[in-house]
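Visitor: I have a structure on my screen and would like to know how its descriptions are justified. Could you take me through it?

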Amino acid sequence: QVQLVESGGGLVQAGDSLRLSCAASGRTLGTYVVGWFRQAPGKEREFVATITWRGGTTYNTNSVKGRFTISRDNAKNTVYLQMNSLKPEDTAVYYCAAGANDRLSGMYYWGKGTLVTVSS
(Lines give C-alpha, C1' and ligand atoms only; values in the text may rest on other atoms or scores of the structure.)
Protein backbone atom coordinates (compact mmCIF):
# COMPACT_ATOMS: atom_id res chain seq x y z
CA GLN A 1 0.00 0.00 0.00
CA VAL A 2 1.05 3.54 -0.74
CA GLN A 3 -0.29 6.45 1.26
CA LEU A 4 -0.21 9.83 -0.47
CA VAL A 5 -0.48 13.17 1.29
CA GLU A 6 -0.80 16.41 -0.63
CA SER A 7 0.20 19.81 0.72
CA GLY A 8 0.83 23.33 -0.49
CA GLY A 9 -2.62 24.44 -1.49
CA GLY A 10 -4.10 27.75 -0.48
CA LEU A 11 -5.71 31.00 -1.54
CA VAL A 12 -3.78 33.09 -4.05
CA GLN A 13 -4.46 35.82 -6.56
CA ALA A 14 -4.48 35.42 -10.32
CA GLY A 15 -0.94 35.48 -11.65
CA ASP A 16 0.58 34.05 -8.48
CA SER A 17 2.45 30.77 -8.09
CA LEU A 18 2.08 27.76 -5.83
CA ARG A 19 4.01 24.55 -5.41
CA LEU A 20 2.10 21.46 -4.41
CA SER A 21 3.83 18.49 -2.84
CA CYS A 22 2.79 14.86 -2.74
CA ALA A 23 4.60 12.80 -0.12
CA ALA A 24 4.36 9.04 -0.28
CA SER A 25 4.68 6.63 2.62
CA GLY A 26 4.10 2.97 3.24
CA ARG A 27 6.25 1.92 0.35
CA THR A 28 8.31 3.71 -2.25
CA LEU A 29 6.77 5.15 -5.38
CA GLY A 30 9.12 2.85 -7.25
CA THR A 31 8.18 2.61 -10.90
CA TYR A 32 4.64 3.91 -10.47
CA VAL A 33 3.45 6.69 -12.69
CA VAL A 34 2.52 9.56 -10.37
CA GLY A 35 0.04 12.18 -11.40
CA TRP A 36 -1.88 15.24 -10.40
CA PHE A 37 -5.58 15.48 -11.08
CA ARG A 38 -8.02 18.20 -10.11
CA GLN A 39 -11.71 18.58 -9.53
CA ALA A 40 -13.48 21.90 -9.63
CA PRO A 41 -16.88 22.38 -7.96
CA GLY A 42 -19.60 20.76 -10.03
CA LYS A 43 -17.15 19.27 -12.51
CA GLU A 44 -15.59 15.90 -13.11
CA ARG A 45 -12.08 15.10 -11.97
CA GLU A 46 -9.62 15.85 -14.74
CA PHE A 47 -6.05 14.97 -15.57
CA VAL A 48 -3.43 17.67 -14.97
CA ALA A 49 0.00 16.05 -15.34
CA THR A 50 1.87 12.81 -14.78
CA ILE A 51 5.48 11.77 -14.44
CA THR A 52 7.09 8.37 -14.85
CA TRP A 53 9.81 7.03 -12.61
CA ARG A 54 12.34 7.93 -15.31
CA GLY A 55 11.07 11.51 -15.41
CA GLY A 56 8.95 11.40 -18.53
CA THR A 57 6.08 13.87 -18.31
CA THR A 58 2.68 14.43 -19.82
CA TYR A 59 0.42 17.43 -19.39
CA ASN A 60 -3.12 18.46 -20.01
CA THR A 61 -2.09 20.62 -22.92
CA ASN A 62 -5.30 22.56 -23.17
CA SER A 63 -5.35 23.88 -19.65
CA VAL A 64 -1.92 23.82 -18.01
CA LYS A 65 0.84 23.30 -20.55
CA GLY A 66 3.49 25.96 -20.23
CA ARG A 67 2.32 27.08 -16.79
CA PHE A 68 2.57 23.93 -14.66
CA THR A 69 5.61 21.73 -14.17
CA ILE A 70 5.59 18.31 -12.56
CA SER A 71 8.74 16.93 -11.01
CA ARG A 72 9.76 13.97 -8.92
CA ASP A 73 12.36 13.34 -6.24
CA ASN A 74 12.62 9.57 -5.96
CA ALA A 75 15.04 9.81 -3.04
CA LYS A 76 12.45 11.77 -1.06
CA ASN A 77 9.54 9.73 -2.37
CA THR A 78 7.86 13.00 -3.28
CA VAL A 79 6.30 14.51 -6.38
CA TYR A 80 5.77 18.23 -6.93
CA LEU A 81 3.56 20.39 -9.07
CA GLN A 82 4.86 23.91 -9.68
CA MET A 83 1.99 26.10 -10.78
CA ASN A 84 2.74 29.51 -12.27
CA SER A 85 0.54 32.22 -13.72
CA LEU A 86 -2.46 30.84 -11.90
CA LYS A 87 -5.90 31.65 -13.22
CA PRO A 88 -9.29 31.62 -11.49
CA GLU A 89 -10.21 28.59 -13.61
CA ASP A 90 -7.40 26.67 -11.88
CA THR A 91 -9.45 26.71 -8.70
CA ALA A 92 -10.03 23.11 -7.67
CA VAL A 93 -9.11 20.37 -5.25
CA TYR A 94 -5.85 18.90 -6.48
CA TYR A 95 -5.27 15.19 -5.98
CA CYS A 96 -2.09 13.18 -6.18
CA ALA A 97 -2.30 9.63 -7.46
CA ALA A 98 0.02 6.73 -8.25
CA GLY A 99 -0.57 3.88 -10.63
CA ALA A 100 0.14 2.26 -13.94
CA ASN A 101 -0.45 5.01 -16.50
CA ASP A 102 -1.61 8.58 -16.98
CA ARG A 103 -5.31 7.78 -17.05
CA LEU A 104 -7.60 8.36 -14.12
CA SER A 105 -8.68 4.73 -14.35
CA GLY A 106 -5.06 3.60 -14.20
CA MET A 107 -4.38 5.05 -10.78
CA TYR A 108 -4.24 2.67 -7.85
CA TYR A 109 -3.66 5.04 -4.94
CA TRP A 110 -5.08 8.49 -4.22
CA GLY A 111 -4.45 11.22 -1.72
CA LYS A 112 -7.24 13.19 -0.06
CA GLY A 113 -6.49 16.35 -1.97
CA THR A 114 -5.45 19.92 -1.31
CA LEU A 115 -7.58 22.93 -2.17
CA VAL A 116 -6.27 25.63 -4.47
CA THR A 117 -8.33 28.79 -4.76
CA VAL A 118 -7.36 31.49 -7.23
CA SER A 119 -9.09 34.84 -6.88
CA SER A 120 -9.43 37.29 -9.74
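Guide: Gladly! Let's begin with a yardstick: the radius of gyration is taken over C-alpha atoms, and the globule rule is 2.2 Å times the number of residues to the power 0.38. Please keep in mind that this is a predicted model.

Visitor: What makes the radius of gyration of the chain agree with a compact globule?

Guide: For 120 residues the rule gives a value near 14 Å, and the chain has 13 Å, so the two agree. The C-alpha atoms fill a box of roughly 40 × 25 × 25 Å along the principal axes.

Visitor: Which residues count as buried, and what share of the chain do they make up?

Guide: Buried means under 20% relative accessible area. Of the 120 residues, 42% are buried. The accessible surface is about 6,200 Å², with 48% of it belonging to carbon and sulfur atoms.

Visitor: How many helices and strands are there in the chain?

Guide: The chain has 11 strands and 0 helices. One open sheet holds 4 strands in the order β1-β3-β8-β7, with antiparallel pairing.

Visitor: Why are β1 and β7 called edge strands?

Guide: Each of them, β1 (3–7) and β7 (68–73), pairs on one side only. Neighbouring strands of this sheet are turned by 15° against each other on average, direction ignored.

Visitor: How do you know that β7 and β8 pair?

Guide: Pairing requires at least two bridges. Here 6 bridges join β7 to β8 (residues 78–83), so the two antiparallel strands count as a pair. One of the bridges links D73 with T78 in β8.

How values were computed
Residues are numbered from 1 along each chain as its sequence is written. This is a predicted model: local features need pLDDT of at least 70, side-chain atom pairs count only at pLDDT 80 or more; totals for chains, interfaces and linings use all residues. Side-chain values use heavy atoms; hydrogens and water are left out. Axes are lines fitted to C-alpha atoms, for helices over the stretch in contact, and angles run from 0 to 180 degrees between N-to-C directions. Buried means under 20% relative accessible area, exposed over 50%, partly exposed in between (1.4 Å probe, protein chains only). Accessible areas come from the Shrake-Rupley method with a 1.4 Å probe; for residues, only the protein chains shown count as cover.
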